[in-house]
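Student: Could we go through this one together, fold by fold? I'd like to start with the ground rules.

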Amino acid sequence: MFCPECGATDVEMIDGVCKNCFLKNYQLIKIPETITVTVCSHCNAKLEEGKWKDSYIPNEEIIYRALEKNITIDELAENEEIELEIDQMRGTIAECYVEAVATVLGEEIVETHTPNVKINKSVCPDCSKRSAGYYEAVIQLRADSRELTKEEIANAEEIISRTIEKQAKKDKLAYIPQIAKPKEGRDYYVGSLKSAKKVAEHLKEELGGTIKESPRLISEDKSTGKGLYRIWISVRLPKFEINDFVKYNKVLAEVIAIDGNRIQIKNLENYENIVIKWREYDNIEKIATKKDIKKAIITAKSPNTIQVLDPEDYSPIDLEMRESFEKYNIGEEINCIKLENNLFLI
Ligand SMILES: [Zn+2]
Ligand SMILES: [Zn+2]
């Protein structure tokens, strides 16, 4: 046998030529000269086989992945090692350098390529929804039978932005395109229902109150008769705030804590705490607010009683001494509340 290319004799033949001639024309890897990747200019999601995938991946990573995905290694290669480099960026084109090293038929082969990766900027459907102000749900923040306070709105908005920020890592529709400010409260429009539900949950968890969901018809498709619905989530904060006064099962009490699970009140007769579940909410009557708290002057003290002057008519009233009142001296003022004609020290 002899090689028809170089005339060598008594050599191993591959594909009709000697090994040397075979390796001279051998191509270790195949890679297109130009690779185009379509990427969302807002979130860096990548369009692949008709689907938008991943997001917030740095451009460099996208380029390396595009190179990797487009390299085909010849099946004769063994122990191949491939190094990828971005030489420079020219506008949206990355000029790259690819070096492949492998063992082929016992010989070490080194091959280099200089492909370009072109980044084609587009907008993914989620980002185009976002820029169009699309929303799936509205969180309606209200307080029961009263207006929301500035602090409640500030607290709620801190919870909302914290939750949205966290959700945005996995939900591209976690955004608030619009906030309406009717007199009764606030309406927060939310891109996705999923994230709106999370926000409502966190609001209830931290501020208490009740949640109710109801769909609303936004428009109707005349041809199909199908309605386009959005979900309104009502988050209603309780009628009372911490330090307000309530009546529950004939007990007069001060509200001392509120969260998503329970309402905690302090019985003003015996200063014992009572824990109430939200399902009992309707049985709690608000009878005074913290603004109704008055000051009473202490006129006498004994181990068992404390005497104060009623802040309304200055009549002396003897009340049971408690450990928390012992620190007060005669002549000092102490907080009190008058409920159903009874004076309570707090
Ligand atoms: Zn040859
Ligand atoms: Zn996008």
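Tutor: Sure: two strands count as paired if DSSP finds at least two bridges between them, and strands (E, at least two residues) and helices (H or I, at least four) are DSSP runs numbered from the N terminus. This is a predicted model, where local features need pLDDT of at least 70 and side-chain atom pairs count only at pLDDT 80 or more, while totals for chains, interfaces and linings use all residues. Residues are numbered from 1 along each chain as its sequence is written, and chains are lettered from A and ligands numbered from 1 in the order in which they are written.

Student: How many bridges pair strand S17 with strand S18?

Tutor: S17 covers residues 245–248 and S18 covers residues 251–258. Within this pair, Val-246 sits opposite Ala-253 of S18. The two strands run antiparallel, and the bridge count is four.

Student: Which strands stand at the edges of the sheet S20-S19-S18-S17-S21?

Tutor: That sheet is open, with five strands in antiparallel pairing. An edge strand has a single partner, so one side of it is left without a neighbour in the sheet. Here those are S20 (273–277) and S21 (284–288).

Student: What about the sheet S24-S23-S22-S25-S26: which are its edge strands?

Tutor: Again it's an open sheet of five strands, paired antiparallel. Look for strands that pair on one side only: they are S24 (316–320) and S26 (342–345).

Student: In S23, which residue is the bridge partner of Ile-298?

Tutor: S22 (residues 294–301) and S23 (residues 305–309) run antiparallel, joined by three bridges. The partner of Ile-298 in S23 is Val-308.

Student: Moving to helix H4, what arc do its buried residues cover?

Tutor: Buried means 20 or more other C-beta atoms within 10 Å of the residue's own, exposed means 12 or fewer, and partly exposed is in between, with C-beta atoms placed from the backbone. By that count, Ala-156, Ile-160, Thr-163, Ile-164 and Gln-167 are the buried residues of H4. They lie on the same side of H4 because, going by directions from the helix axis to the C-beta atoms, their arc is only 100°.

Student: And which elements do those buried residues pack against?

Tutor: The face turned away from the buried side carries exposed residues, including Lys-150, Glu-158 and Glu-165. For the buried residues, contact means C-beta atoms, placed from the backbone, within 7 Å. Their packing partners are strand S12 (137–143), strand S14 (186–190) and helix H5 (193–207).

Key
Two residues are in contact if their C-beta atoms, placed from the backbone, lie within 7 Å.
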